[in-house]
Amino acid sequence: MATAVCPGSFDPVTVGHLDIITRASKMFDSLIVVVMTNQAKAPAFTEHERAALLKTATAELQNVVVDTYDGLLADYAALQNAAAIVKGLRAVSDFEYEFQMALTNKKLNPRPETIFLPTSAEYMYLSSGIVKQIAMYGGDISGFVPLCVLHDIEKRLKKNAPVKDT
Ligand code: PNS
């Protein structure tokens, strides 16, 4: 039984994330989507909110569970006995950072292999930061986030003062 983890800050989940999660879920017996802290980003949504949005967005994927973890990805992968860490890659610009993370995680925990899935072409441009910027100025984000969480994301971002772009 092969388990993979799909980590991210998911602040908030986008259709690009859901595409990667859906495709990764077909490659493993079980996939754990784990909401983590990215020290370089100041999140707009709490960890709990991000996980709740992900749970709604992935509800139809039977072998996907959503979790949160405040610690090292390498430790979480060990806790779950994961065979793989799945990350989506949008562009060459993502690669240098992701490669550094993959090698660091391998050093900390040699068991899981990091697998990069290229994003689907239609989501190349998309990021959580872009979604937050558009929503902050009252723009239409319906094409960028899963429909089932659109209202929650809009409501949450509108009721706040401008959020930081991450
Ligand atoms: O969606 P993101 O922001 O690209 O996800 C990055 C994330 C959260 C997966 C990464 O920052 C991470 O692994 N955070 C946990 C702490 C950790 O293990 N850092 C890497 C070793 S320094």
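A polar contact is taken here as a pair of N or O atoms within 3.5 Å. The structure is a predicted model, and the contacts described below were computed from its atoms.

By this criterion, Thr37 makes a polar contact with the ligand through its backbone: an N or O atom of the Thr37 main chain lies 3.0 Å from a nitrogen atom of the ligand. Two further residues approach through their side chains. For Asn38, a polar side-chain atom is placed 2.8 Å from an oxygen atom of the ligand. For Lys41, the distance between a polar side-chain atom and an oxygen atom of the ligand is 2.7 Å. The ligand taken alone exposes 550 Å², of which the protein buries 80%.

The ligand is located in the largest pocket. The shell around the ligand comprises 13 residues, and those that come nearest are Ser9, Thr37, Asn38, Lys41 and Leu73. Sorted by class, this shell contains 6 nonpolar residues, 5 polar residues and 2 charged residues. With regard to secondary structure, at least two residues of the shell are supplied by strand 1 (3–8), and at least two by helix 4 (92–108).

Asn38 was examined further with respect to its protein neighbours. This residue belongs to the loop between strand 2 (30–35) and helix 2 (47–57). In addition to the approach of its side chain to an oxygen atom of the ligand, the side chain of Asn38 reaches the backbone nitrogen of Ala40 at a distance of 2.9 Å. When residues up to four places away in sequence are not counted, Asn38 touches Ser9 and Tyr97. Ser9 is also listed among the residues that come nearest to the ligand.

Backbone geometry was considered in a second loop, the one between strand 1 and helix 1 (15–25), where Pro12 is found. The peptide bond joining Asp11 and Pro12 is cis, with omega about 0°. Phe10 has its place in the loop between strand 1 and helix 1 as well. The phi angle of Phe10 is near 45°, which is a positive value in a residue other than glycine. Strand 1, at one end of this loop, is one of the elements that supply residues to the shell around the ligand.

Notes
Residues numbered from 1 in each chain as written. Predicted model: local features only at pLDDT ≥ 70, side-chain atom pairs only at ≥ 80, totals over all residues. Heavy atoms only, no water. Near = heavy atom within 4 Å. Polar contact = N/O pair within 3.5 Å; in protein donor to acceptor, adjacent residues only side chain to side chain. Areas by Shrake-Rupley, 256 points an atom, 1.4 Å probe, with all protein chains shown as cover. 1 Å grid on protein atoms, 1.4 Å probe; cavity = no way out; pocket = protein on both sides within 12 Å on 5 of 7 lines; lining within 4 Å. Sits in = over half its atoms within 2 Å of the grid points. Helix = DSSP H or I, 4+ residues; strand = E, 2+ residues; numbered from the N terminus. Nonpolar A, V, L, I, M, F, W, Y, C, P; charged D, E, K, R; others polar. Contact = heavy atoms within 4.5 Å.
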